[in-house]
Structures are given as structure tokens and as C-alpha cells.
Amino acid sequence: MSKTQRAKASAKRAAKKEAAQNQPVETAGEKESSEEVKAAKAQDTKAKKDSAKEAKKKEAPKKQHFQFLKDVRAELKRVTWPTKKDVFRWSGVVVAALLFFGIFVYLLDNFVVTPSLIGVSSIEIEGVTPQSESEIRAAQATATVQTSDGSTNSAQGGQQ
């Protein structure tokens with residue numbers, strides 16, 4: 001007996017066992033309503049489907065990989081593909097939208113955002129005066145430099 005046949009037989013035994021457990025026990029003089037019977041049958045059917053799925057999973061895991069590809073192929077056959085005319089029309093719409101938004105962002109950046117940032121960065125803060133470039137160089141030239149032996153030397157004009 002092959003593994004597949006054993007798996008199928010095992011699944012059938014499990015389904016029968018589950019069906020036997022789910023069957024209601026009737027006592028003398030009692031009858032079940034039709035709703036209870038329908039619910040029991042539905043549960044029985046579901047159990048059989050579940051056991052069949054489990055058997056398929058155990059059956060051949062390599063086949064599942066190929067089954068996916070078969071499903072993809074079947075799904076692609078159901079796709080409604082656009083015509084050549086539609087592809088060119090919508091490609092033109094996309095290119096036009098890209099050009100429009102590219103120009104829009106360029107204009108917005110160069111004529112609105114950048115001038116605004118320059119204006120904001122040149123605002124003076126109270127109590128702080130901007131230093132000119134010559135004042136900065138003079139301050140650097142007269143800065144005190146500490147040497148490795150712990151003494152301090154005043155650097156004049158960038159020389160020691």
C-alpha cells in the first residue's frame with residue numbers, strides 16, 4: 001500500500017469516526033427536528049471536506065508548488081487585458097501627468113519655497129547682530145591657542 005493510499009484510508013476512517021460521534025443518540029419516543037438534522041449533516045459535510053484537505057496536504061507537498069503555478073495560469077486567463085489603443089492612450093495620460101507635476105514642483109520650489117526659506121533665514125533675532133566676514137576672521141586670528149605642554153599662546157594672523 002502506498003503512502004497516498006494509506007493517507008486516503010486514514011482520512012476516511014477519521015471522517016467515519018467523526019460522523020459516528022456527531023450522530024445524535026435517539027431515545028425511545030424522541031425525534032429530532034429538521035433543523036437539527038440539517039445542522040448535523042452540514043457539520044458532517046464540513047468534517048469530510050476538512051479531512052479531504054488534510055489528506056491532500058499530506059499527499060504530495062511538491063504538487064502544491066506546481067498547483068500554485070497552475071492556479072496563477074488559470075487566473076491570468078480570466079484577466080481582461082487592455083487593447084493596444086487603450087495602452088497608448090493611458091500611457092499618454094501618465095506622461096502628461098508626470099510633466100505637469102514635474103513643472104509644478106519645479107516652479108513651486110524655485111519661486112515659492114526657496115525664496116521663503118532665504119527670507120526666514122535672514123531675519124534678525126533681537127539682541128543678536130550678525131557678524132561680518134571680516135569680524136569673524138579677526139576673532140579667529142586673535143583666538144587663544146593651548147599647546148600640548150599646557151601653556152597658552154596667542155595666535156596672531158593664523159601663525160604661532
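## Exercises on a predicted model

The protein chain has two salt bridges. The model is a predicted one, so let's work through it together.**Exercise 1. Find the partner of R78 in a salt bridge, and place the pair in the structure.**

*Solution.* Step 1: look for a carboxyl oxygen within 4 Å of a side-chain nitrogen. The partner is E75, with the closest N and O atoms 3.2 Å apart. Step 2: place the pair. R78 and E75 are three residues apart in helix α3 (residues 61-78), and therefore about one helical turn separates them. Step 3: check the accessibility. R78 is exposed because its relative accessibility is 60%, while E75, at 44%, is partly exposed.

**Exercise 2. Do the same for the salt bridge of D86 and R89.**

*Solution.* Step 1: the N to O distance is 3.4 Å. Step 2: both residues belong to helix α4, where they sit three residues apart, about one turn of the helix. Step 3: D86 is partly exposed, at 25% relative accessibility, and R89 is partly exposed too, at 44%.

**Exercise 3. Is F100 buried or exposed?**

*Solution.* Step 1: locate F100 in helix α4 (residues 84-121). Step 2: compare its relative accessibility of 53% with the cut-off, over 50% for exposed. F100 therefore counts as exposed. Step 3: look around it. F100 belongs to a nonpolar surface patch, whose members include F101, I103 and L117. Together the patch residues have about 1200 Å² of accessible area.

**Exercise 4. Describe the protein chain as a whole.**

*Solution.* Step 1: list the elements, which are five helices and two strands, in the order α-α-α-α-α-β-β from the N terminus. Step 2: turn to burial, where buried residues make up 6% of the 160 residues. Step 3: add the surface, about 14800 Å², with 59% of it supplied by carbon and sulfur atoms.

Key:
Residues numbered from 1 in each chain as written. Predicted model: local features only at pLDDT ≥ 70, side-chain atom pairs only at ≥ 80, totals over all residues. Heavy atoms only, no water. Patch = residues over 30% accessible without salt bridge, like charges linked within 9 Å, V, L, I, M, F, W, Y side chains within 5 Å. Areas by Shrake-Rupley, 256 points an atom, 1.4 Å probe, with all protein chains shown as cover. Helix = DSSP H or I, 4+ residues; strand = E, 2+ residues; numbered from the N terminus. Buried < 20%, exposed > 50% of the residue type's maximum accessible area, 1.4 Å probe, protein only.
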